Amino acid sequence: MAEPTKAIFLLMPEWQGSASSRAMLITDGAAHLREDLPPAARFDVAVPQQAGDALGTPVARLSSVVAARDAARETLRSAEDPAITLGGDCASTLAGLDRAAERDPGVAVIWFDAHPDLQHPSTSPSGAASGMALRHALGLGIADLNGAHPIDPSRVLLVGAREVDAEEAQAIDELGIRSLAATSEGPAEAVRDWLAEIGATSVYVHIDLDVLDPAEFAAVHAPVPFGLAVSDLAGAVRAAVATAPLAGAAICEFAPATAEIASDDSPTVLRLLAALVSGGSR
């Protein structure tokens, strides 16, 4: 039986990468999660309070997004254990993902998200960094946000994407990125098979909570119908870390509109955390 994975938790209440007019609800979500993280393994990432400036680029609030990413990088610099980033928008995944790719250039990336986050800065309708997060992890965005260690597109699996722009669909096709629909049966088995097929030596798990079906999880900005069941997502995560060692992870976009919703939905976030550290292959 696999032993639980030892991990550290980066609490990163970054909201500046979000496209939502209610983006700052993310900070409320992060504050709620903070109470449930073990203090000895929790690191608070300093996120600028100000919205930030685009710095002459097409990326909104870029200065604050870059400052938050650099603060996370600094926190990770001396860390040895896998890092799980929580409490931010999807752009908060960039520092941890780049660190995972630096340690293992062949890392497999599973992107659980209702959106593929492959918008290009020059054509993004919102200019939000969250919608470009995977694009920058692949090194195909602007220099300020591109990963220093770009992910190989053939080692990315999109799971649950169901709001996909035409240009994102084109990118998925041209880059050869594999995808698994939210309606697919047996996501755990499909994830396990894919990791075995590519010979994954480690896995980074990105979770945007909007991948979940709104009937089961409400604490996101813009729920997208027909998402994954909580049990299916947790099962797929457990299958991933049982097949390849956890290189890192992010749980993003926890944005409860009320304290009651936060209390109702935070156990789901904790369940996903438990799945992430449930134990890798030995």
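Select isoleucine 8 and alanine 83 to begin: isoleucine 8, in strand S1, stands opposite alanine 83 in strand S3. Keep in mind as you go that this is a predicted model. Now widen the selection to the two strands, S1 at residues 8–11 and S3 at residues 83–88; they run parallel and are joined by 4 bridges.

**The other neighbour of S1**

Add strand S2, residues 42–44, to the view. S2 is parallel to S1 too, with 3 bridges joining the two. To see one point of contact, pick leucine 10 and phenylalanine 43, which stand opposite each other. Next, follow the chain from S1 to S2: the path passes through helix H1, residues 25–34, and this β-α-β crossover is right-handed.

Before leaving S1, show its side chains. In a regular strand, side chains alternate between the two faces of the sheet. Here Ile8 and Leu10 point one way, while Phe9 and Leu11 point the other way. Are these four residues buried or exposed? Every one of them is buried.

**Strand S4**

Jump ahead to residues 108–112, strand S4, where 5 of 5 residues are buried. Colour the two sides separately if you like: Ala108, Ile110 and Phe112 lie on one side, Val109 and Trp111 on the other, and both faces are covered.

Which strands pair with S4? One is S7 (residues 203–208), parallel to S4 and joined to it by 5 bridges. Another is S5 (residues 156–159), also parallel, with 4 bridges to S4. Phenylalanine 112 is a handy residue to centre on here. Its bridge partner in S7 is isoleucine 207, and in S5 phenylalanine 112 stands opposite valine 159.

**An aromatic pair**

Now select phenylalanine 217 and phenylalanine 254. The whole structure has 1 aromatic pair, and these two residues form it: their rings sit 6.2 Å apart centre to centre, with 45° between the planes, a tilted arrangement. The pair links distant parts of the chain, 37 residues apart. Phenylalanine 217 is in the loop between S7 and helix H7 (230–243), and phenylalanine 254 is in the loop between strand S8 (246–252) and helix H8 (259–276). Both phenylalanine 217 and phenylalanine 254 are buried.

**The largest pocket**

Turn on a surface and look for the largest pocket, with a volume of about 440 Å³. To find its centre, select Ala19, His115, Ser130, Gly131 and Asp210, the closest to it of the 21 lining residues. By class, the lining divides into 6 nonpolar, 8 polar and 7 charged residues.

**The second largest pocket**

The second largest pocket holds about 210 Å³ of space. Its lining includes Arg73, Arg77, Arg99, Glu102 and His149. Helices H2 and H3 each give two or more residues to this lining, and H3 has the largest share, with 5. Here the classes divide into 3 nonpolar, 1 polar and 6 charged.

**The cavity**

For the last stop, hide the surface. How many cavities of 30 Å³ or more does the structure hold? There is 1, with a volume of about 60 Å³. Among the residues lining this cavity are Arg69, Leu94, Leu97, Ala137, Leu145 and Ile151. Arg73, Asp98 and His149 line the cavity and also the second largest pocket. Helix H2 (62–76) and helix H3 (94–103) each supply at least two residues to the cavity lining, and the largest share, 3 residues, comes from H3. In all, the cavity lining has 5 nonpolar, 3 polar and 3 charged residues.

Definitions and conventions: Residues numbered from 1 in each chain as written. Predicted model: local features only at pLDDT ≥ 70, side-chain atom pairs only at ≥ 80, totals over all residues. Heavy atoms only, no water. Buried < 20%, exposed > 50% of the residue type's maximum accessible area, 1.4 Å probe, protein only. Pairing = 2+ DSSP bridges. Right-handed = clockwise from strand over helix to strand, strands pointing away. 1 Å grid on protein atoms, 1.4 Å probe; cavity = no way out; pocket = protein on both sides within 12 Å on 5 of 7 lines; lining within 4 Å. Points joined across faces, edges and corners; volume = space filled by probe spheres on them. Nonpolar A, V, L, I, M, F, W, Y, C, P; charged D, E, K, R; others polar. Phe/Tyr/Trp six-rings, centres within 6.5 Å; stacked < 30°, edge-to-face > 60°.
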